[in-house]
Amino acid sequence: LLDRSMMAHPHVFSRPPGATMISFSSSSSKKVVFKCHHRGKRRTRRRERSSSIRRRLVFPDSVCCVSNDGSDDDEWVERACVLADSSAGECAPHPKFACVIVHSKTRDILCEAFQFGQAGEKCERQAERKLREVLSSSSSLAKKETTTETGEYDVYLNMEPVHGIEVSGETRSVDALTRMRSRGVRRIVIGTMHPNEKFRGNAIKELVERGGFKKEQIVVCKTNTRGAMCARKVNEALLYRCATGGYPHGVYKYAMTLDGKIASSSGKSKWVTGPESRETVFHERARSDAVIVGGGTLRTDDPRLTSRNGDGTLTHAYQPARVVLSRSFDVPEDARLWDTSVASTIVMTSASHGKPALAKILRDKGVDVVEFEGEFTMDKVLDEMRQRGWLQTFWECGGTLAAPAITAGAVSRG
């Protein structure tokens, strides 16, 4: 299954031609080793991935940390990216946005903010308000209010703001950035352009044509810089969604023993991995909009599919939707997933399952039962996810469901 996935998605696994893959895990890290022969010489490439549960981003170390002009712009864009990642799993279908304002001379942070979830206050609006408070609280800084020609502050955004949609009662991001100009902002540095063609470049054009900024005062990180790579990484799910017409970015969890098994002889797969791996699973669940299993996993493991701490308590109030895919609607009447007071649960099945009484029981418990007319296909499942606006899905299913999911392109990373 992994070999087929690697062949179908070489951009994800980056396996050299003709190479074989050997994977193993230890208590501290997970390693994937590629071994191949190239012109008679053996080459070994090792990629290590930290299993830490800390909320941080990991980027290639080979990328330069500073901009080509010798400034530290990439460093501050990366800080904005890490800050934006604070809303992982809670911002769909919107991007992860953050804003950092830095003093141009001392390079001290004046204020920073990120947009938290749907209908949350825009990070530029938050940062503009905080900057106003900082300036008003300090008489020395208040004297620095001036135009951008002699401005004292730099604004860093991980992504170009959305511009072109009018929402009633919502202040536009460019309006907040324009007001910052009169408070001493000299430059705006953006990690990456907006991935949606409808909005790409609109905010920058508005800031130059109507916001009073000059073209050279709006800086976009070059593609091969660390800042640009961080900006793409933090919103990789959004980039995938824009590139595929709205489908979510799928992540597949796969645990295998040294002898190639994914479960014990009794069919139990609960304890194939260790405590650190399970913490990583909880972390990935929290970053996703939905956790997906099949009917077989539900019947065998009776999982909760929540993001929990080591003591069993929930990591935070937000929990991803729990999704069960079952073509035949072969699910038990009693299961821990049917407790919707913890998180929402969705069952996707065929309308011809012939079990209306069971469907009514689940709906009475608060479960959303989605019945597809005609044949139950992965394309219909993906279309339902697209309509729900999910950015990232986390697949914790067995091989029976994983195979058609990978074939249909529902999974892009493992």
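A residue counts as buried when its relative accessible area is under 20%. In this predicted model, R285 has a relative accessible area of 7%, so R285 is buried. The briefing below follows an open parallel sheet of six strands, the helix α13, whose buried residues pack against several of those strands, a selection from the 28 salt bridges in the structure, and a pair of helices, α3 and α8, that are roughly parallel to each other.

**The six-strand sheet**

- The strands of this open sheet follow the order β9-β14-β10-β11-β12-β13, and their pairing is parallel.
- Strands β9 (249–252) and β13 (368–372) form the edges, each of them pairing on one side only.
- On average, neighbouring strands in the sheet are turned by 25° against each other, with direction ignored.
- Within the sheet, β10 (residues 290–294) and β11 (residues 321–325) are joined in the parallel sense by five bridges.
- In this pairing, A290 stands opposite A321 of β11.

**Helix α13 and its two sides**

- Helix α13 spans residues 378–387, and its buried residues are M378, V381, L382, E384 and M385.
- These residues lie on the same side of α13 because they cover an arc of only 155° around the axis.
- A general feature of helices helps here: an α-helix has 3.6 residues a turn, so residues three or four places apart point the same way.
- D379 and Q387, on the other side of α13, are exposed.
- The partners of the buried residues of α13 are the strands β10, β11, β12 (345–350), β13 and β14 (392–395), together with helix α14 (399–407).
- After α13 comes G389, which has a positive phi, near 75°.

**Salt bridges around E396**

- E396 has a relative accessible area of 9% and is therefore buried.
- One salt bridge joins the side chains of R285 and E396, at 2.6 Å from N to O.
- This pair connects distant parts of the chain, since R285 belongs to helix α10 and E396 to the loop between β14 and α14, 111 residues apart.
- E396 also meets K253 in a salt bridge, at 3.5 Å from N to O.
- K253 lies in the loop between β9 and α10 (275–286) and E396 in the loop between β14 and α14, so this pair ties together parts that are 143 residues apart in sequence.
- K253 counts as partly exposed because its relative accessibility is 31%.

**Other salt bridges**

- D85 and K96 form a salt bridge in which the closest N and O atoms are 3.0 Å apart.
- Both residues lie in the loop between α3 (73–84) and β4 (98–103), so the pair ties together parts that are eleven residues apart in sequence.
- D85 and K96 are both buried.
- A network of salt bridges links D72, D73, R107, D154, R186 and R187.

**The helix pair α3 and α8**

- Two packed helices are described by the angle between their axes and the distance between the axes.
- The axes of α3 and α8 (residues 226–234) come within 8 Å and cross at roughly 10°.
- Angles under 35 degrees count as roughly parallel, and α3 and α8 are therefore roughly parallel to each other.
- The contact brings D74, V77, E78 and C81 of α3 together with R226, G227, C230, A231 and V234 of α8.

Terms used
Residues are numbered from 1 along each chain as its sequence is written. This is a predicted model: local features need pLDDT of at least 70, side-chain atom pairs count only at pLDDT 80 or more; totals for chains, interfaces and linings use all residues. Side-chain values use heavy atoms; hydrogens and water are left out. Two strands pair if DSSP finds at least two bridges between them. Helices (H or I, at least four residues) and strands (E, at least two) are DSSP runs, numbered from the N terminus. Axes are lines fitted to C-alpha atoms, for helices over the stretch in contact, and angles run from 0 to 180 degrees between N-to-C directions. Buried means under 20% relative accessible area, exposed over 50%, partly exposed in between (1.4 Å probe, protein chains only). The arc is that of the directions from the helix axis to the C-beta atoms. Contact means heavy atoms within 4.5 Å. A salt bridge is a side-chain nitrogen of Lys or Arg within 4 Å of a carboxyl oxygen of Asp or Glu. Angles under 35 degrees count as roughly parallel, over 145 as roughly antiparallel, 65 to 115 as roughly perpendicular and the rest as oblique.
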